[in-house]
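Got your viewer ready? Load the model below and follow along, one selection at a time.

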Amino acid sequence: MNNKKRSIKHYLILPSYQLRLVLFMSLVVLAGSIMHIVFLNYITARNLSDYFSQSQIEQIWDILRPAIVVTNIFSFVLLTLFLIILTILITHKLIGPMLKVTGHINKINSGTLPKNELKLREGDEGQPLCDAVNKMQNQMRQHYAQLEELKTLIKDEDASSKLKEIIEQMNVEKQDL
């Protein structure tokens, strides 16, 4: 059982993307907090003017303003921390598999057909993409096996050597059986 301690660096796979997303979400929360203060001020002043004089409203507002501002700042800080954690965890589950699949495809594209199938962690997104890459890899492996078989059947030296050259260019890792 692997008991590696995970650090924040482990979860920051594409920090620029993840931090931009956190910043954007924090700005949305900040805008919501400011709108909340503005609407509360407008609604309160409008409704209170029906029952109280302007000087009484100013006294009430002077009493309530610090509580409203502190509550909004506290809410903003808590929501921002929550969004930071949520964003990092969600993007880790999305970006990690994408990078793993990309690396696997790049390995195939460079001419090496890996011996092992691509596997994602349990709970990661992108399983359909992973399955498609594994299916493609298995089909390529089958085509390689057919070429190997064809190489043994060909009697013509030129064709056989050309086929051997093509097969050698295909760097297929042998599977452990």
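**Stop one: a helix pair**

Select H3 and H4 (helices are DSSP runs of H or I, at least four residues, numbered from the N terminus): H3 passes H4 in a left-handed crossing, meaning the near helix is turned anticlockwise from the far one by less than a right angle. This is a predicted model, where local features need pLDDT of at least 70 and side-chain atom pairs count only at pLDDT 80 or more, while totals for chains, interfaces and linings use all residues. Numbering runs from 1 along each chain as its sequence is written, and side-chain values use heavy atoms, with hydrogens and water left out.

Now show Val 101, His 104, Ile 105 and Ile 108 on H3, plus Leu 129, Val 133, Met 136, Gln 137 and Met 140 on H4; these make the contact (heavy atoms within 4.5 Å).

**Stop two: Gln 137**

Stay on helix H4 and pick Gln 137. Is Gln 137 buried or exposed? Gln 137 is buried, with a relative accessible area of 0% (buried is under 20%, exposed over 50%, partly exposed in between, with a 1.4 Å probe and protein chains only). Beyond its neighbours within four places in sequence, Gln 137 contacts residues including His 104, Ile 108, Leu 113 and Pro 114.

**Stop three: the cores**

Next, select Ile 108, Leu 113, Tyr 144, Leu 163, Ile 167 and Val 172, the six residues of the largest nonpolar core (buried Ala, Val, Leu, Ile, Met, Phe, Trp, Tyr and Cys residues joined through side-chain atoms within 4.5 Å). A second, separate core has five residues, among them Val 101, Leu 120, Cys 130 and Val 133.

Notes
Helix = DSSP H or I, 4+ residues; strand = E, 2+ residues; numbered from the N terminus.
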